[in-house]
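I am opening a notebook on this structure and will write down what I looked up, one topic at a time.

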Amino acid sequence: MMHEAITVEGLSKWFGRFPAVRNLSFTCARGEVLGLLGPNGAGKTTTLRILATVLRPTSGVARVLGYDVVRQAREVRRSIGVLTEHSGLYGRLTPRELLWYFGRLYGLPEEVLAKRVAFLLETLDLGEVADKPAEGLSRGTRQKVALARALVHNPPVLLLDEPTFGLDVFAARQVREFIRQFREEGRAILLSTHLMEEAERLCDRVAILNHGRLIALGTLEELRRASGLGRLEEIFLRAVGDDPAEPSSQNREMDTCGDLPTGNAPGRKG
Amino acid sequence: MRPFWVIFLKEVREASRDRRTLLTSFLLPILLVPLLVLGFPALARRQEKALWEKPAKVAIVGEEARELIAEGLRMGILEEVPGRVSEVDIQRGRVDVILAVPPDYRERLHAGKAAVTVIFDGLEPRSAVAKEKLLRILTTSLLRYARAPVVSPPAIQERNLAVERQTGNVVLANLLPFLVAVWAVLGGMHSAVDVAAGEKERGTLESLLVTPPSRLQLLLGKFLAVLATTIVAILLVLGSTLVALRWIAPSPVGVPSGLRFGVGTFGVLLWIAFLLSSLTSGLALTLSLLSRSIREAQQYLIPLYLVVALPGMAVQFLSRWQREPWAYLLPVFNTLFAARALLLQVLQGEHLLLMTLTSALYAAGAFTLAWYAFSREDVVFRA
């Protein structure tokens, strides 16, 4: 059984003349949470979209469970659960209908799907709202429904884009608990976030992106050791500079690896 | 279950819970169409009034005929079209009406057996009005014979080029293509907006794109949902029009007891509506996919509505094109001409075939456009 669930090698994506992702390489193992950190426009969402097969890379290779995201897109899509940045729901459908809809799109047999839907509704504590239209649900509940949707086909790999964005403290905490649980289940999780505290709490390793480039990658301990700084926020600010829109001289140094590691060895969960 | 059916059933379920779709696609045909049917005679009367104010183009066969309508020509009520004419010229619009007298008219007149023939097309408002004008002039002119007791006035024979079965459906033939055209866009409009631009605006499209089915399967499901909504709306339009014509306002619009609308006609009409709706659904879906938001999609769909609804209104005034094969090559027009000819029971088999082939081609083109848009990253993630 291969250890690496996600492999990215020299990945680039250009939108016209704008480089969204440049020569990105990293891996993510099963049972690992890899955090993608970066300011707005750093290339986090573009990377996730390439891995989710909805964007084609301009160059480079990305594989999920060994499947190429371009040539074996359907197999990749069967293997991943995606929580998008705007995890909108169909307001006129109930959570139960939504899960059945996506389960059928994933080709699950009816009896398997029935059990899976019941399991997810119970596990994510959605039983009471299961038959209410999604448009009337709170933001936190909607996010849990979106998570359930991403998990309906029990994927071994999860791509989560800002999973706690806009949630209150309680809902965010509950979602983090679920993510930990998914890791315990042995899923590989690629988590895009701009919340340093969340990354510190959840991620086994962190990849810092800026202007589409990978400027740091490692466990928190490795990053602390290399930078001599204690908190992830400080490490992040040093990596991206004070003004992420324009690379600082320090940032340009980071672009060429600087003093932070950009190694690709998959870290183990702590 | 095939993925496109999963998509189709979900979209239909959502549409059935959407008040805008319920109102526009289902409730409006039931409520509005009877009102339109009632209002149609008023439009017809306005058109007729305008025609009464214009001189009617008359062709004369036989020199004696000119004498009979000399007063009308002098007063400018009638206008003579010179040269040789035939009945086809009425259908082509060159002439409104023909007044013919036989070569032995004078001998027959002396024998008291003379007759003049008025040839017109009862389906063409301009021709029908011209005939009325001509009859009035002729009646006045023939009064002279009443003062000459030795001779019987000539009889007036009317020859209507439109056969009886055509005139029975004339109102339906003028009205239904317009209503079908309107709801071919309006019927599926909200559905088209919802399944593409709506998905973008709600942020649900990306979740759908990361599922295993191909883009083609996803698009096919959405297309079928828009098409189904449109077809249901058109069925309601047809139903409520027939109800209105038969039971609500049969006499004001002059629909006689001879209204013919059998199962065969209904089937072919539905086929024509299906072809037109396939084209409009594909185009509406493309425009919706190209839009960033529901509001933008609605703005794009207004011109599409006009492009389809205006020909629906125009076909009755362009009825002479209805007989030309090339008219069945024109997008939108081809289906509307076919619908009109069908209701008048003059639709030719080759015209139906031509319309079917061209419409299928246009619908396939529209679907391909939608597929192209759906396959493009810059369209799907247009923000």
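**Entry 1: a lysine in chain B.** The model I have here is a predicted one, and I began with the surroundings of a single lysine. Is B:Lys131 buried or exposed? I find B:Lys131 at 11% relative accessibility, and because buried means under 20%, B:Lys131 counts as buried. I then looked up its contacts and noted that the side chain of B:Lys131 meets that of B:Glu158 in a salt bridge, with 3.5 Å from N to O. This pair links distant parts of the chain, since B:Lys131 belongs to helix 7 (residues 125-146) of chain B and B:Glu158 to strand 5 (residues 155-160) of chain B, 27 residues apart. For B:Glu158 I read a relative accessibility of 45%, so that residue counts as partly exposed. I also checked for rings, and B:Lys131 lies over the face of B:Phe120, at 4.6 Å from the ring centre.

**Entry 2: other salt bridges.** How many salt bridges does a search of the whole structure find? My note says 37 over all chains. One of them is formed by A:Asp204 and A:Arg183, whose closest N and O atoms are 3.0 Å apart. I placed A:Asp204 in the loop between helix 7 (196-202) and strand 9 (205-210) of chain A, and A:Arg183 in helix 6 (residues 169-184) of chain A, so this pair ties together parts that are 21 residues apart in sequence. Both A:Asp204 and A:Arg183 are buried.

In chain B, I looked up B:Lys222 and B:Glu11, whose side chains meet in a salt bridge at 2.9 Å, N to O. Here too the pair links distant parts of the chain, as B:Lys222 is in helix 11 (residues 215-248) of chain B and B:Glu11 in helix 1 (residues 3-16) of chain B, 211 residues apart. I noted that B:Lys222 and B:Glu11 are both buried. I also wrote down a network, in which salt bridges that share partners join A:Arg92, B:Asp18, B:Arg20, B:Asp194 and B:Arg202.

**Entry 3: aromatic rings.** I turned next to the rings, where the count comes to ten aromatic pairs over all chains. Why is the pair of A:Tyr90 and A:Phe102 called stacked? The ring centres of A:Tyr90 and A:Phe102 are 6.5 Å apart and their planes stand at 25°, so the pair is stacked, planes under 30 degrees apart being counted that way. I located A:Tyr90 in the loop between strand 6 (80-83) and helix 3 (95-105) of chain A, and A:Phe102 in helix 3 of chain A, so the pair ties together parts that are twelve residues apart in sequence. Both A:Tyr90 and A:Phe102 are buried.

I then followed A:Phe102 to A:Tyr101, and because their planes are at 75°, with the ring centres 5.2 Å apart, I recorded this pair as edge-to-face. At 4% relative accessibility A:Tyr101 counts as buried, and A:Phe102 is buried with a relative accessible area of 1%. Ring pairs thus link A:Tyr90, A:Tyr101 and A:Phe102 into a cluster. What sits over the ring of A:Tyr90? I found the charged end of B:Lys10 there, 3.4 Å from the ring centre.

**Entry 4: strands of chain A.** I traced strand 4 (residues 59-64) of chain A, which pairs with strand 1 (residues 4-15) of chain A in the antiparallel sense over five bridges. A:Ser12 stands opposite A:Ser59 in strand 4 of chain A. Strand 4 of chain A is also joined by two bridges to strand 5 (residues 67-68) of chain A, again running antiparallel, and the bridge partner of A:Arg63 in strand 5 of chain A is A:Asp68. The hairpin of strand 4 and strand 5 of chain A has two residues between the strands, and I noted that A:Leu65 takes a positive phi near 50° in this hairpin.

**Entry 5: two last places in chain B.** I looked for nonpolar surface and found a patch of about 370 Å² made by B:Leu23, B:Leu27, B:Ile30 and B:Leu31. B:Ile30 has its place in helix 2 (residues 19-53) of chain B and is partly exposed, with a relative accessible area of 44%. B:Tyr105, in helix 6 (residues 105-110) of chain B, is buried, with a relative accessible area of 3%. I closed with B:Tyr105 and B:Ala115, which are ten residues apart in sequence and 7.7 Å apart in space, C-alpha to C-alpha.

Definitions and conventions: Residues numbered from 1 in each chain as written. Chains lettered and ligands numbered in written order. Predicted model: local features only at pLDDT ≥ 70, side-chain atom pairs only at ≥ 80, totals over all residues. Heavy atoms only, no water. Phe/Tyr/Trp six-rings, centres within 6.5 Å; stacked < 30°, edge-to-face > 60°. Helix = DSSP H or I, 4+ residues; strand = E, 2+ residues; numbered from the N terminus. Buried < 20%, exposed > 50% of the residue type's maximum accessible area, 1.4 Å probe, protein only. Lys NZ or Arg CZ within 6 Å of the ring centre and 35° of its normal. Patch = residues over 30% accessible without salt bridge, like charges linked within 9 Å, V, L, I, M, F, W, Y side chains within 5 Å. Areas by Shrake-Rupley, 256 points an atom, 1.4 Å probe, with all protein chains shown as cover. Salt bridge = Lys/Arg side-chain N within 4 Å of Asp/Glu carboxyl O. Pairing = 2+ DSSP bridges.
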